Amino acid sequence: MRRYFPAALLLIWVLGLIWPVGEANALSCARQPSVNEEFARSTVVFHGKAVGERKNGATTFEVTEAWKGVASGKIDVRVSTMWMPVQQGEAYLVYAAQKNGVLTAHLCGRTALWEQGLADTASFPPTSATLKKPPAAPWSLTVAGAIAALVCLVMLTSFIVARRDPK
């Protein structure tokens, strides 16, 4: 029996080397969720531009379009920069959920640059809000309004003076 022991160990070792193993997912996401799964598990889903960084590691986004859970024009979301570095000034499609009281993008989620995530939006419900800044009034309209108000004021003053002055 002792004489076969080294041969048996060698056979087990060789079989261990060639035996088929399952898929390994070291340092990568096992499976990216579908658009519907990601949308369902997210608290907020929006299209926005990265405009700042907070000390707590969150990125401030200026929201352009919102599909779920966004009530204001700016929102802070913690995004793992290990998997996806966030560049200030770039537009993103962001999926995030509350995690310990902080909105956090899912580590293996679908948050991506806007151009890469744009196809996801085809299966979204209609946007809940389109948050864009109202256009500023052109200077010509502002100046014309001020002149019209001044003319009305002069005419009103002339009318009042004319009524008081008996000639």
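Okay, let's start with one polar contact: a polar atom in the side chain of threonine 111 sits 3.1 Å from the backbone nitrogen of tyrosine 95. Before I go on, remember that this is a predicted model.

So where is threonine 111? You'll find that residue in the loop between β5 and β6. And is threonine 111 buried or exposed? Its relative accessible area is 12%, and buried means under 20%, so threonine 111 counts as buried. Leaving out residues up to four places away in sequence, threonine 111 touches Met84, Leu93, Val94, Tyr95 and Ala105. One more distance while we're here: from the C-alpha of threonine 111 to the C-alpha of histidine 47 is 9.9 Å, with the two positions 64 residues apart in sequence numbering.

Let me zoom out. The protein chain has 167 residues, and 26% of them count as buried. There are four helices and seven strands, and reading from the N terminus the order is α-α-β-β-β-β-β-β-α-β-α. If you take contacts between residues at least 6 apart in sequence, 58% of those join residues at least 24 apart. As for the outside, the accessible surface is about 12300 Å², and carbon and sulfur atoms account for 63% of that.

Now the inside. In soluble globular proteins, nonpolar side chains tend to be buried together. Here the largest nonpolar core has 17 residues, and Phe46, Phe61, Ile75 and Val77 have the most contacts inside that core. Which strands feed this core? β1, β2, β3, β4 and β5 each supply at least two of its residues. Phenylalanine 61 is a good one to click on: outside its neighbours within four places in sequence, its contacts include Phe46, Val51, Ile75, Val77, Val79, Tyr92 and Val94. Glycines and lysines are on that contact list too, among them Gly48, Lys49, Gly73 and Lys74. Apart from the 17-residue core there is another core, of eight residues, including Val45, Leu93, Trp114 and Phe124. Leu93, you'll recall, is one of the residues that threonine 111 touches.

On to charges. How many salt bridges are there? The count is three.

The first one I'll show pairs glutamate 38 with arginine 41, with 2.7 Å between the closest N and O atoms. Both residues lie in helix α2, residues 35-41, three residues apart, or about one turn of the helix. The two partners differ in cover: glutamate 38 is buried because its relative accessible area is 0%, while arginine 41, at 41%, counts as partly exposed.

Next up, arginine 54 and aspartate 76, whose side chains meet at 2.9 Å, N to O. This pair links distant parts of the chain, 22 residues apart: arginine 54 is in the loop between β1 and β2, and aspartate 76 is in strand β3. Both are partly exposed, arginine 54 with a relative accessible area of 46% and aspartate 76 with 30%.

And then aspartate 120 with arginine 110, another salt bridge at 2.9 Å, N to O. This pair also links distant parts of the chain, ten residues apart, with aspartate 120 in the loop between α3 and β7 and arginine 110 in the loop between β5 and β6. Are these two buried or exposed? Aspartate 120 and arginine 110 are both buried.

That brings us back to where we came in, since the loop between β5 and β6 is also the place of threonine 111. Okay, over to you.

Terms used:
Residues are numbered from 1 along each chain as its sequence is written. This is a predicted model: local features need pLDDT of at least 70, side-chain atom pairs count only at pLDDT 80 or more; totals for chains, interfaces and linings use all residues. Side-chain values use heavy atoms; hydrogens and water are left out. A salt bridge is a side-chain nitrogen of Lys or Arg within 4 Å of a carboxyl oxygen of Asp or Glu. Buried means under 20% relative accessible area, exposed over 50%, partly exposed in between (1.4 Å probe, protein chains only). Contact means heavy atoms within 4.5 Å. Accessible areas come from the Shrake-Rupley method with a 1.4 Å probe; for residues, only the protein chains shown count as cover. A polar contact is a pair of N or O atoms within 3.5 Å; within protein, one must be able to donate a hydrogen and the other to accept it, and residues adjacent in sequence count only if both atoms are side-chain atoms. A nonpolar core is a set of buried Ala, Val, Leu, Ile, Met, Phe, Trp, Tyr and Cys residues joined through side-chain atoms within 4.5 Å.
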